[in-house]
Amino acid sequence: MTREPQIVPYADRFQPAATPEAAAAAFLDVMRKRRSVRMFSDRPVSRQTIEQIVRAAGSAPSGANKQPWRFVCVQDPAIKRQIREGAEAEEREFYTRRAGRTWLADLAPLGTDQNKAFLEVAPWLIVMFRLVRGDDGSKTYYSQESAGIAAGFLLAAAHHAGLATLTHTPSPMAFLGSILGRPPHERPFLLIPVGYPADDCVVPRAAIVRKPLEEIMVVR
Ligand code: IYR
């Protein structure tokens with residue numbers, strides 16, 4: 001069944017207070033200060049803040065506007081503990097068996113290991129699921145790309161609110177669907193702890209270095 005497009009004026013547009021050059025530079029300044037954090041404080045973050053961050057993520061564009069995502073926001077310590085246990089079980093396998101030499105070498109500069117204490121310390125874990133079908137069984141489109149864009153919005157929104165995040169991908173992530181009782185059309189996509197960085201938080205120097213513009217941009 002096709003429906004006639006319903007079009008409305010694009011009113012209420014966002015108008016930066018500065019020129020595009022100044023606004024883009026100011027946003028770059030904000031985003032450049034973001035770091036992936038693995039040392040969180042247990043300082044609380046209000047549910048209202050998390051709701052606004054999820055609303056920002058949910059405002060992302062998606063294939064045929066199907067919005068193929070679910071954000072399960074966990075603050076219950078017992079559930080966080082289960083998630084930590086599930087993740088550490090997968091990570092033990094990863095670090096001792098699954099990861100090849102090259103992968104381990106690539107991770108070495110980050111100093112990561114199978115211990116994921118932050119999964120219990122961070123006040124919130126946002127477990128993001130990608131919908132391979134709509135809740136009504138309808139098709140979704142470009143769900144990987146759509147979920148990736150929404151995740152980017154989520155990270156930016158949390159950062160803008162002064163909060164740290166990590167895009168954590170224990171692999172495989174099926175345990176998240178089981179622990180959280182999610183239906184099969186929801187596929188675990190990312191596990192994102194959200195909170196304040198610990199006072200003594202350190203980050204890997206390697207991740208601070210970004211490729212220069214000339215390396216990532218081509219103008220034709
Ligand atoms: N999931 C593991 C390993 C890991 C993989 C990648 I790719 C990273 O960028 C970082 C870590 C872990 O979280 O330790």
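Q: How do the residues lining the second largest pocket divide into nonpolar, polar and charged?
A: First, the ground rules: this is a predicted model, with local features needing pLDDT of at least 70 and side-chain atom pairs 80 or more, while totals for chains, interfaces and linings use all residues. Residues are numbered from 1 along each chain, and side-chain values use heavy atoms, without hydrogens or water. The lining includes Leu-28, Met-31, Arg-32, Lys-211 and Pro-212 (a pocket is an open set of 1 Å grid points over the protein atoms alone where a 1.4 Å probe fits, with protein on both sides within 12 Å along at least five of seven lines; lining means an atom within 4 Å of a point). With Ala, Val, Leu, Ile, Met, Phe, Trp, Tyr, Cys and Pro as nonpolar and Asp, Glu, Lys and Arg as charged, the split is six nonpolar, no polar and five charged.

Q: Which element gives the largest share of that second largest pocket's lining?
A: Two helices (DSSP H or I runs of at least four residues), α1 (20–32) and α8 (213–216), each supply at least two residues. The top contributor, with three residues, is α1.

Q: Which element gives the largest share of the lining of the largest pocket?
A: This pocket has a volume of about 400 Å³, and its lining holds 21 residues, with Arg-38, Leu-107, Thr-112, Thr-167 and Thr-169 nearest the centre. The elements giving two or more residues are α3 (77–98) and α4 (101–107). By class, the lining has nine nonpolar, six polar and six charged residues. Three residues, the largest share, come from α3.

Q: How much of the ligand's area does the protein bury?
A: The residues around the ligand (a heavy atom within 4 Å) include Arg-38, Phe-94, Trp-103 and Lys-116. For polar contacts (N or O pairs within 3.5 Å), a side-chain atom of Tyr-95 sits 2.4 Å from a ligand oxygen, and the side chain of Glu-91 has an N or O atom 2.9 Å from a ligand nitrogen. His-168 has a side-chain N or O atom 3.3 Å from a ligand oxygen. Taken alone, the ligand exposes 380 Å² (Shrake-Rupley, 1.4 Å probe), and the buried part of that is 73%.

Q: Which strands stand at the edges of the sheet?
A: Four strands (E runs of at least two residues, paired by at least two bridges) make an open antiparallel sheet ordered β1-β2-β4-β3. Inside it, eight bridges join β2 (124–131) to β4 (186–195), with Trp-124 opposite Val-194. Each edge strand has a single partner, so one side is left without a neighbour in the sheet; these two are β1 and β3.

Terms used
Grid points are joined across faces, edges and corners, and a volume is the space filled by probe spheres set on the points. A polar contact is a pair of N or O atoms within 3.5 Å; within protein, one must be able to donate a hydrogen and the other to accept it, and residues adjacent in sequence count only if both atoms are side-chain atoms.
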